[in-house]
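Visitor: Could you take me through one helix up close, and then show me what else is worth seeing in the rest of the chain?

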Amino acid sequence: MKNYDIVIIGGGPAGLAAAVSARQSGIDSILILERDKELGGILNQCIHNGFGLHTFKEELTGPEYAQRFIVQAKELDIEYRLNTMVLEVGADKVVTAMNREDGLFLIQAKAVILAMGCRERPRGALNIPGYRPAGIYSAGTAQRLVNMDGYMPGREVVILGSGDIGLIMARRMTLEGAKVKVVAELMPYSGGLKRNIVQCLDDYGIPLKLSHTVVDIKGKERVEGVTLAQVDEKNKPIPGTEEYYACDTLLLSVGLIPENEISRGMGVVMNPVTSGPRVNESLETNLEGVFACGNVLHVHDLVDFVSEEAAAAGRNAAAYVKSGKDGASDAKTPVVAAKNAVDKDTREEMAQQDTGAGSEQEIELVATGGVRYTVPCTIRTSHMEDELKVRFRVGSVYQNCFVSVYFDDERVIHRKKMVFAPAEMEEVKLTKEQILRYPELRRITFRIEE
């Protein structure tokens, strides 16, 4: 069994940024495990531009953005293994993985960073009636076929769901000569960024039908057409509103699900709203020394925010390893012995420096009144940096409203914004100084108010 200070599961934008940050924080023993044949993750198939405006202050394509971090990782001599599937991670941070070269192998980590990304919601989760003909793809699969493999999924296309990947593929298919007839969205608002609606639909005259869904798929061997219908406030199809569109391809862009099978298997507590782990201010899960970042934690709208969040996870994992508290029984013994050997004042000082979960009273972050969730879910004041970004999403479209933050029952932040939309991630900055003014603080509440 090999030993590493930090093992990172996933070599996409989150895993790369976390690895670079951990190395820059002074950790030399780092290993990235990636199941694909190359680093970069989903960015390798995102050949459109719009990446890197926050991180690099210039507009890059997905592969260009990924390459910036790949170069950094290689220059820092960070070890990685490709074509490697992680089978499970134990609560003791023993990683079981396999590949063709090494077969089945075990790795003991002092800290683990979960950066597995997310996957698309499949047709099976939608309960669409009809046969199972060829020509039904998730938008991400179609993107890979067109951009990386050089195949055209079809020529006459209907897209269900207005997530960013679906919007971008509406433009991509049009540029490749296909006819995108319509984009249908179940909700009364789009699931994608406003800029993508303008650049990918409006600029190409592609109609967007809100509060519509697919109620039937025609065709046995290959898709021949789909029937759309308007839905009511309970998302039930309204009889008499059906419209038929002849097509040979249906693309599904109906949401992303964080890849957390490994997380659940090791006992990580999940947030039912995000389908990702519950984390504290250090992006640490309920398992000591296990951190999460990127789309495995919650689905982001911009990869720049993924990199920023992952860099924080890398720094915090490095600090955890440096603290010498790796969670293994053989590593705990000398620490306990050392504490017993010193005087009372020194023991209290050492206790205050402990970085493990549960070493102090945690402040709970509560999402309510239109706010769906927050990341993080809890804060330990002694572990937070001088400034902490709390990211969240809203559950509906709100115009000319305020995001309010309450410390227990006292409102301390009341910030107005023209539009809050579910597709865009929001953030509020909390400072350590601000929180320390409330020594008895137990709950911080986020809500949208008029």
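Guide: Let's start with what sits over helix α3: the cover on its buried residues includes strands β9 (118–120) and β10 (136–138), helix α4 (164–175) and strand β17 (249–252). Before going on, this is a predicted model, so local features need pLDDT of at least 70, side-chain atom pairs count only at pLDDT 80 or more, and totals for chains, interfaces and linings use all residues. Residues are numbered from 1 along each chain as its sequence is written, and side-chain values use heavy atoms, with hydrogens and water left out.

Helix α3 spans residues 139–149, and its buried members are A139, G140, A142, Q143, L145, V146 and N147. (Buried is under 20% relative accessible area, exposed over 50%, partly exposed in between, with a 1.4 Å probe and protein chains only. Helices, H or I of at least four residues, and strands, E of at least two, are DSSP runs numbered from the N terminus.) Right after α3 comes G150, with a positive phi of about 80°.

Now use N147 from that helix as a marker: M1 is 146 residues away from N147 in sequence and 40 Å away in space, C-alpha to C-alpha. M1 sits in the segment before β1 (2–9). M1 is exposed, at 60% relative accessible area. Even so, M1 touches V94, L106, I107 and Q108, if you skip residues up to four places away in sequence; a contact here is heavy atoms within 4.5 Å.

For a buried counterpart, look at T213 in strand β14 (residues 212–218). T213 has a relative accessible area of 14% and counts as buried. Beyond its neighbours within four places in sequence, T213 is in contact with L160, L186, T227, L228, A229 and V231.

Next, the nonpolar packing. The largest nonpolar core takes in 66 residues, and I6, I8 and L114 have the most contacts inside it. (Such a core is a set of buried Ala, Val, Leu, Ile, Met, Phe, Trp, Tyr and Cys residues joined through side-chain atoms within 4.5 Å.) Helix α7 (residues 303–322) gives this core its largest share, nine residues. Take I6: once neighbours within four places in sequence are set aside, I6 is in contact with A22, I27, S29, I30, L31, A111, I113, A317, A318 and V321. A separate core of 22 residues lies apart from that one, and its members include I379, F392, V394 and I435.

I379 also turns up in a sheet, as the bridge partner of I363. That sheet is open and has five strands, running β24-β22-β29-β26-β27 with mixed pairing. At its edges are β24 (378–379) and β27 (410–420), each paired on one side only. Walk across from the β24 edge: β24 and β22 (residues 363–367) are antiparallel, with two bridges. (Strands pair if DSSP finds at least two bridges between them.) On from there, β22 runs parallel to β29 (residues 443–449) over four bridges, and A367 is the bridge partner of F446 in β29. Over at the β27 edge, β26 (residues 398–407) and β27 are antiparallel over nine bridges. There, S404 faces H414 in β27.
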